[in-house]
Amino acid sequence: MLQITQFNILFQKDSPDYRRKKLAKRLRLNPADIQELRIVKKSLDARKRPEIYMTYTFHFRVKDEDSVLLRNRQQKNLSCVKETPSLMSRIVRREPGEISDRPVIVGAGPAGLFCAYYLSLCGFAPILIERGAPVEERASDVERFWRDGILDEESNVSFGEGGAGTFSDGKLNTGVKDSDGRRQFVLESFVRFGAREDILYDARPHMGTDILRNVIVNMREELIRLGCDIRFYTKMKDMIIEEGVIRGIVTERRFPPDRAVEERLECGQLILAIGHSARDTFAMLEGRSVHMNRKAFAVGLRVQHRQEDIDLARYGAVDARLPASSYKAVGKTEDGRGVYTFCMCPGGYVVNASSERGKLAVNGMSDADRDSGNANSAVVVTVQPEDFGDSGVLAGVEFQRRWETAAYELCQGRIPVQRFGDFREKRETLAAGKVVPCVKGKWKYAELHKILPKFVINGMIEGMEQFGRLIPGFDHEDTLLMGIETRTSSPVRIERDTEYVSVSVKGLYPCGEGAGYAGGIMSAAMDGLRTAMKLEEQIASRTGGHHARSTQG
């Protein structure tokens with residue numbers, strides 16, 4: 001198979017037929033000679049605007065590949081590649097009765113789901129518990145909260161099937177190194193469960209929250225078919241540890257509206273995929289002397305622009321044929337702190353993402369079509385452990401809670417909104433300018449400097465002005481700010497060794513965002529998958545290797 005990289009096509013001319021013809025012309029071939037032309041990577045290049053190009057990496061077959069390579073040896077971006085077996089094709093399934101202990105997975109976010117999926121494919125029949133609701137009921141709970149302000153602390157934007165990413169843009173990009181095919185496995189799995197095929201090759205893949213919800217339902221059905229026992233409304237309240245070894249957990253199972261049953265669940269392998277907002281679980285882990293460390297995160301505000309203004313700044317024009325444009329900006333404040341944009345949502349909404357009563361946090365969300373008319377991202381400033389003002393391992397949690405409480409009290413639970421020009425000058429916003437709020441949940445104009453530490457206020461202003469030099473209009477006085485954004489990542493890291501096992505409790509496997517090893521849907525899914533692979537390898541080594549049949553066929 002041949003590969004050609006950095007293949008540019010003017011976006012106005014881009015089509016499957018034109019790609020084949022242009023590639024054939026480049027290589028001095030007949031278009032019919034090109035077989036199995038497949039997109040491996042696709043990105044948009046606007047650096048030479050107003051000329052905008054689609055940049056491709058293609059895999060394709062031709063007769064007598066050696067001759068084509070020799071004839072086109074001046075094409076430095078043309079090469080021969082060898083196809084490697086997919087991770088899915090390498091999975092083997094254990095025979096019934098070979099596994100004596102079912103692994104228990106806590107949390108049905110990306111890390112927990114992909115850990116459960118891999119172990120289910122291997123025949124482990126894991127038990128997956130989730131404190132929140134199935135995604136259908138969860139969506140109803142979230143819509144009711146946005147409409148009426150009625151918060152269910154166990155079923156919301158942070159808790160429930162699919163994790164916090166279910167109510168986001170569904171971005172699937174990651175910088176995590178991938179030497180064993182985990183990234184492709186995750187993407188191909190999402191497509192198998194209903195995502196669009198373009199996520200397999202898009203340089204900035206995303207699903208959108210509307211499609212992601214359906215994907216999660218289809219994934220659940222496959223997990224059940226493979227023997228996974230999924231228990232919703234089930235919270236881990238405690239762990240049973242004997243002589244430093246995990247022996248089981250204590251759960252509380254809710255039966256809405258008001259009944260709860262406590263149960264004991266024995267297990268020898270416990271995977272913690274609890275998410276970055278499971279603050280009560282962090283407290284329980286601390287009480288059980290599970291080794292954790294404080295870690296840095298970031299705090300700031302959501303910024304909202306008209307999508308057409310971002311398109312104009314990024315593309316040099318507004319063209320309906322182009323996708324809603326995105327951006328990523330990084331800077332440094334005068335006092336040396338990092339300031340950067342986070343979780344950019346083209347054509348999306350700012351959403352109330354609160355998970356505790358009396359506290360308020362926001363996030364960003366987009367549907368697949370990204371057609372709300374507004375763009376948003378978080379502009380955040382790094383917060384170091386020394387900023388917490390406390391030496392405790394959960395000091396970062398209390399730091400988040402302090403400012404989320406201030407945000408809640410400022411507008412009695414509504415999202416505080418302010419024009420950037422007013423924020424910079426510390427004056428009240430009376431009305432929107434050219435940017436009209438695009439929000440899921442109730443909101444109110446307020447003075448946002450009252451809900452942020454001083455170093456974050458200063459960093460926000462410096463960052464906005466720096467980014468305005470990179471993206472014209474980014475720091476326009478009518479840009480809207482909304483807050484507070486505190487859940488950029490986990491405030492703790494649950495320490496694990498090179499085998500992904502807790503350094504303090506044997507049989508405990510911390511993974512994903514909540515454990516401090518991921519930051520987004522893709523990296524969390526890959527970490528959960530790698531954790532499952534490690535667990536399977538360890539069990540295989542103890543039982544003398546695989547005695548199994550392939551999952552394929």
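In the predicted model, Lys237 is located in strand β9, which spans residues 234-242. The relative accessible area of Lys237 is 39%, a value between the limits of 20% for buried and 50% for exposed, and the residue is therefore classed as partly exposed. Beyond the neighbours within four places in sequence, Lys237 makes contact with Val250, Thr251, Glu252 and Met284. The separation between Lys237 and Asp280 amounts to 43 residues along the sequence, whereas their C-alpha atoms lie 8.7 Å apart in space.

Asp422 belongs to helix α11, formed by residues 420-425. With a relative accessibility of 4%, Asp422 counts as buried, because this value falls under the limit of 20%. Two polar contacts of the Asp422 side chain were computed. One joins Asp422 to the side chain of Arg419 at 2.9 Å, and the other links Asp422 with the side chain of Arg427 at 2.5 Å. Arg427 also appears among the contacts of Asp422 that remain once neighbours within four places in sequence are set aside, together with Glu428 and Thr429.

The packing of two helices was examined next. Two packed helices are described by the angle between their axes and the distance between the axes. For helix α5 (residues 135-148) and helix α7 (residues 209-225), the axes come within 10 Å and cross at roughly 150°. Since angles over 145 degrees count as roughly antiparallel, α5 and α7 are therefore assigned to that class. On the α5 side, the residues that meet the partner helix are Val135, Glu136 and Ala139, and on the α7 side they are Arg213, Ile216, Val217 and Arg220. Sorted by class, this contact comprises 4 nonpolar and 3 charged residues, with no polar residues.

Aromatic rings provide a further set of contacts. In total, 14 aromatic pairs were counted in the model. One of them is formed by Tyr56 and Phe58, with 5.0 Å between the ring centres and 15° between the planes. This pair is classed as stacked because its planes are under 30 degrees apart. Both partners fall under the 20% limit and are therefore buried: Tyr56 has a relative accessible area of 0%, and Phe58 has one of 1%. Elsewhere in the sequence, ring pairs connect Phe114, Tyr117, Phe185, Phe190 and Phe193 into a cluster.

Methods. Residues numbered from 1 in each chain as written. Predicted model: local features only at pLDDT ≥ 70, side-chain atom pairs only at ≥ 80, totals over all residues. Heavy atoms only, no water. Helix = DSSP H or I, 4+ residues; strand = E, 2+ residues; numbered from the N terminus. Buried < 20%, exposed > 50% of the residue type's maximum accessible area, 1.4 Å probe, protein only. Contact = heavy atoms within 4.5 Å. Polar contact = N/O pair within 3.5 Å; in protein donor to acceptor, adjacent residues only side chain to side chain. Axes fitted to C-alpha atoms, helices over the stretch in contact; angles between N-to-C directions. Parallel < 35°, antiparallel > 145°, perpendicular 65-115°, else oblique. Nonpolar A, V, L, I, M, F, W, Y, C, P; charged D, E, K, R; others polar. Phe/Tyr/Trp six-rings, centres within 6.5 Å; stacked < 30°, edge-to-face > 60°.
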